[in-house]
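Visitor: I have a structure open and would like to learn to read it. Where do I begin?

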Amino acid sequence: MSKGTKVPGYMQGKGSRNPRGIIGDREIRYKCSLQNTILDVLRGRPGWQEVPGQNNVQQNVQTNAKQQGTTPQSSKSGQQTSGQPSSNTGKAGDGDWDFYWCDREWLAQNYDTMFLYEHQKILHFRNHYELTRKNLMVKNLKRLKKQTEREQGKAEGLSFEFFPTTYELPSEYHIFVEEFKKNPGIIWIMKPAARAQGRGIFLFRRLKDITDWKKGEYQPLSDPNREVPETYVVQRYIENPYLIGGRKFDVRVYVLVVSYNPLKVWLYRSGFARFSNTRFSLDSIEDTYVHLTNVAVQKNAPDYDPDKGCKWSTQQLRKYLAAKHGVEAVKKAFKGIDNIIIKSLQSVQKIIINDKHCFEMYGYDVLFDSDLKPWLIEINASPSLTASGKEDYDLKFGLLNDLLNVLDLENRLTGKEKRIGGWDLLWEDGPILADDGNMECTPNGTTASIPNSFLGCHNDRKRQLRELYTAAQSIKKS
Ligand code: ADP
């Protein structure tokens, strides 16, 4: 069947009343490759049914192709591909799914050969690593910054001053050395480009520390057993982090991208700040418990208290900062986070293979310095969904449930919503403005030209959802 052929039972395209076709008339079949909060959410969702079996959609692709006498087409173009889905039979067989929370490795292995039906939704964009690998993220940001300076002037380029000076190693070693010599005495941080949870990270002040490391890391060219050296980034260390109780923290911010073209971005109100366990000091740069705020690192600290943990909710953080510095200063700081989100996504907008079946939930790590300026540390495509306690579980459960509400496979909403549970629509081909206000975060009551961004604001998601669904139902009826 060729591209764009109408499939009986399916209404396609924007103009149709029910673009998701028959999915509204039956249970929604899902697959999930994780065993944590997301699985609980999916299992607890009324009308959703788990597809038994392993990750074997590949097998299904071949079966479908055989049944239809077609060659499966790549879904790269983001277009309707073809075919009568086997889901039309109503059987939930292997690979017969509507929604798949897959892991990145699975997608990398299968994406290029699989085809997707109109209604199917799958986690991750094919080349998400353009944003989530530390070296590529910086490369893309530097490129957009340069382009902005060229086209809009140096002043506009200043809006990109949110990522610390970074070089890729070994490829940019010589440029780094020049920069290093220009700024004697400052601290740098070395991070493996593709690793996570603080693994392989160290701080240094002297070039000797890195040349010693370099000798161990890179064997001579003549060595027959020489392996390709791992890519690292070397980054200027933020030496003046904002401290609370003498301790450093970074903020985890959840961002949902449902489309890259046009860019459509949702920002979740809740998140958390992760504190280091030990008081901050620049005297002991080798102490990871002082300098790395990853929970995976901190929970191994000798004096770590699992009951106390090392997290604050973003609401708690916002309140604390507002009490200390005033609401306006906090608004400015959080507006800086919106800027980070949008600029970083724009930096890969033309590179990411936009596929209407794909979505991505990013975990942004942001660090405030002592002037409350937010810095982008990194972006994760698989932020941890394993809960560290009851509060963390409730946050993640709500976050993921609301993500499914935004995707709306049940087709219960109008598609015009600006807020769905804890997610606020931040950007749709341009900034979104709030029209309902939020008294907690806009105390002067003005609503005109306020961005629709409420990170750290009250998250009364259940009440909001009740009202939203009631309103959507009556709009749809009329
Ligand atoms: P990973 O992917 O291994 O978690 P990150 O880039 O997130 O690597 O770094 C781990 C932690 O190290 C961060 O959470 C932050 O606390 C700290 N960190 C990383 N880069 C910097 C930096 N440039 N300045 C200050 N702290 C940093």
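Guide: We go from the whole chain to single residues.

Guide: This is a predicted model, so local features need pLDDT of at least 70 and side-chain atom pairs count only at pLDDT 80 or more, while totals for chains, interfaces and linings use all residues. Residues are numbered from 1 along each chain as its sequence is written, and side-chain values use heavy atoms, leaving out hydrogens and water.

Visitor: How many helices and strands are in the chain?

Guide: Helices (H or I, at least four residues) and strands (E, at least two) are DSSP runs, numbered from the N terminus. Here there are 14 helices and 17 strands.

Visitor: What share of the residues count as buried?

Guide: Buried means under 20% relative accessible area, exposed over 50%, and partly exposed in between, with a 1.4 Å probe and protein chains only. Of the 478 residues of this chain, 53% count as buried.

Visitor: How do I read a helix by its faces?

Guide: Mark the buried residues and look down the axis. In helix H7 (residues 173-182), the buried residues are Tyr173, Phe176, Val177, Glu179 and Phe180. They fall within an arc of 165° seen down the axis, so they line one face of H7. The arc is that of the directions from the helix axis to the C-beta atoms. On the other side of H7, His174, Glu178, Lys181 and Lys182 are exposed.

Visitor: Which residues are closest to the ligand?

Guide: A residue is near a molecule if one of its heavy atoms lies within 4 Å of it. The ligand has 24 residues around it, and the closest are Lys134, Gly198, Thr293, Asn294 and Glu378. The shell divides into eight nonpolar, six polar and ten charged residues. Ala, Val, Leu, Ile, Met, Phe, Trp, Tyr, Cys and Pro count as nonpolar, Asp, Glu, Lys and Arg as charged, and the others, Gly among them, as polar.

Visitor: Which side chains have polar atoms 2.8 Å from a ligand oxygen?

Guide: A polar contact is a pair of N or O atoms within 3.5 Å; within protein, one must be able to donate a hydrogen and the other to accept it, and residues adjacent in sequence count only if both atoms are side-chain atoms. Lys134 has a side-chain N or O atom 2.8 Å from a ligand oxygen. Asp250 has one at 2.8 Å from a ligand oxygen too. For Thr293, the distance from a polar side-chain atom to a ligand oxygen is 2.7 Å. The protein covers 99% of the 540 Å² of accessible area that the ligand has on its own (Shrake-Rupley method, 1.4 Å probe).

Visitor: What does Asp402 contact?

Guide: Contact means heavy atoms within 4.5 Å. Asp402 sits in helix H13 (residues 390-407) and is buried, at 0% relative accessible area. Beyond its neighbours within four places in sequence, Asp402 touches residues including Tyr268, Trp423 and Arg461. A polar atom of its side chain lies 2.8 Å from the backbone nitrogen of Gly422.

Visitor: Where should I look for unusual backbone geometry?

Guide: Most residues other than glycine have a negative phi, and most peptide bonds are trans. A cis peptide bond joins Leu169 and Pro170, with omega about 10°. Another cis bond joins Asn261 and Pro262, with omega about 0°. Leu372 has a positive phi of about 65° and is buried, at 8% relative accessible area.
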